[in-house]
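Here's a quick briefing to go with the structure below. Have the viewer open as you read, and hop between topics as you like.

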Amino acid sequence: MVFHPSPPKTSGLPAFLLNLSLSCALGCSRALGPVGADAGADTGAGADTGADAGAGADAGADAGATAACPGGMVLVDGDYCTQLELVCKDSWYAKWNDKTICNEFETPSKCVGSRIKKRFCIDTYEYPNKKGQRPRVGFNFVQAQRLCAAEGKRVCTETEWTMACEGPAYKPYPYGYVRAPKTCNGDRPYIEPAVVGHDSKGRPFLAFASKDPAVAEAETERLWQGVESGSQPECVSDYGVWDMPGNADELASSETWEPVSRFDNVTTGGPWLYGVRNQCRPKIYTHNEGFAYYYLSTRCCAEPGGLPTDPRSPKQIKRRDKWRP
């Protein structure tokens with residue numbers, strides 16, 4: 001993405017530091033990367049999705065099965081743009097998160113890369129894809145893959161997620177070009193996670209990742225600032241997919257290779273916190289497959305027309321990894 005920010009505005013910013021420490025209680029399958037709501041690169045997959053026919057904001061909200069997709073899923077069919085030119089008219093800098101936040105982009109977006117045809121089914125809502133329920137949070141990428149595979153689906157790829165969010169017009173936000181954090185549950189104040197101990201190297205054990213279910217559930221409830229799936233009537237993309245940026249952050253499968261992305265997964269959309277990306281295209285590539293957090297969920301995709309869906313990520317397929325349910 002070609003991004004041209006205006007000079008940052010830093011007056012009136014909160015002084016607190018967004019310092020999210022990772023407890024790898026669920027196990028890390030690779031070396032641990034930097035942690036944070038927005039820590040890491042925003043550059044990403046250079047080719048791989050589609051957007052052409054807009055299903056509309058009402059499509060898929062309570063959609064039943066169609067010839068292309070099963071119930072609860074939306075068909076996305078069109079062209080993914082590998083590189084967008086987005087010109088920011090007004091921005092400010094979230095110094096505690098080292099992130100430039102754009103308040104308004106010039107219209108329209110301009111595709112300056114290749115257009116890649118894609119056609120896939122995507123869950124209407126964040127996992128477990130149930131309107132009126134909270135998104136489930138607190139699991140890692142390996143667990144997300146198993147949750148989707150149990151439904152005959154797979155974790156969406158990063159470009160599928162981006163395409164479903166941007167719509168056929170490649171909008172930076174699913175609702176348009178002007179940032180509206182209340183439309184898609186953003187800009188909530190940061191709540192410091194409780195620490196219940198440290199390991200031999202001084203790294204914290206976080207209460208929400210406790211092995212004691214009562215401790216973990218109580219802390220997750222204390223930290224929760226999300227909303228129920230489908231409760232934000234304007235937070236819908238032109239393809240009919242709900243709650244993409246803001247609310248819960250989401251795991252997706254990486255299609256970006258080293259040195260930008262070492263791992264099989266990315267995080268996308270951004271959580272409900274103040275001063276994070278909450279935009280369709282930016283991705284975080286620094287969290288490994290064992291990363292789980294109190295605001296982190298996922299979304300499942302599948303092949304259309306009843307075709308078999310491989311539950312593995314693109315990188316796992318490339319490496320010829322065996323599926324381990």
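Val215 counts as partly exposed, because its relative accessibility of 33% falls between the 20% limit for buried and the 50% limit for exposed. Bear in mind that this is a predicted model. From Val215 we'll go on to the surface patch, a covered helix and then the aromatic rings.

**Val215 and its surroundings**
- You'll find Val215 in helix H3, which spans residues 213-223.
- Leaving out residues up to four places away in sequence, Val215 touches Ala207 and Ser210.
- Together with Val196 and Phe205, Val215 makes a nonpolar surface patch of about 240 Å².
- Two of those patch members, Val215 and Val196, sit 19 residues apart in sequence, and their C-alpha atoms are 9.8 Å apart in space.

**Helix H2**
- Helix H2 covers residues 158-166 and is mostly covered, with nine of its nine residues buried.
- Charged side chains are on that buried list too: it includes Glu158, Glu160 and Glu166.
- The rest of the buried set is Thr159, Trp161, Thr162, Met163, Ala164 and Cys165.
- Right after H2 comes Gly167, and its phi is positive, near 75°.

**Aromatic pairs**
- How many aromatic pairs does the count come to? The tally is 16 aromatic pairs.
- One of them joins Trp92 and Trp96 in a tilted arrangement, at 6.2 Å centre to centre with 40° between the planes.
- Trp92 and Trp96 are both buried.
- Tyr294 and Tyr295 pair up edge-to-face, with 5.0 Å centre to centre and 70° between the planes.
- This pair counts as edge-to-face because 70° between the planes is over the 60-degree cut-off.
- As for cover, Tyr294 is buried and so is Tyr295.

**The aromatic cluster**
- Which residues join Tyr294 and Tyr295 in one aromatic cluster? They are Phe208, Trp224, Trp272, Phe291 and Tyr293.

**Lysines over rings**
- Lys131 lies over the face of Trp242, at 5.9 Å from the ring centre.
- That 5.9 Å for Lys131 and Trp242 has to be read against a cut-off of within 6 Å.
- Lys315 does likewise with Trp257, lying over the ring face at 5.3 Å from the centre.

Technical notes
Residues are numbered from 1 along each chain as its sequence is written. This is a predicted model: local features need pLDDT of at least 70, side-chain atom pairs count only at pLDDT 80 or more; totals for chains, interfaces and linings use all residues. Side-chain values use heavy atoms; hydrogens and water are left out. Rings of Phe, Tyr and Trp (its six-membered ring) pair if their centres lie within 6.5 Å; planes under 30 degrees apart count as stacked, over 60 as edge-to-face and the rest as tilted. Buried means under 20% relative accessible area, exposed over 50%, partly exposed in between (1.4 Å probe, protein chains only). A charge sits over a ring if NZ of Lys or CZ of Arg is within 6 Å of the ring centre and within 35 degrees of the ring normal. Patches are made of residues with over 30% relative accessible area and no salt bridge: like charges are joined within 9 Å, nonpolar side chains (Val, Leu, Ile, Met, Phe, Trp, Tyr) within 5 Å. Accessible areas come from the Shrake-Rupley method with a 1.4 Å probe; for residues, only the protein chains shown count as cover. A salt bridge is a side-chain nitrogen of Lys or Arg within 4 Å of a carboxyl oxygen of Asp or Glu. Helices (H or I, at least four residues) and strands (E, at least two) are DSSP runs, numbered from the N terminus. Contact means heavy atoms within 4.5 Å.
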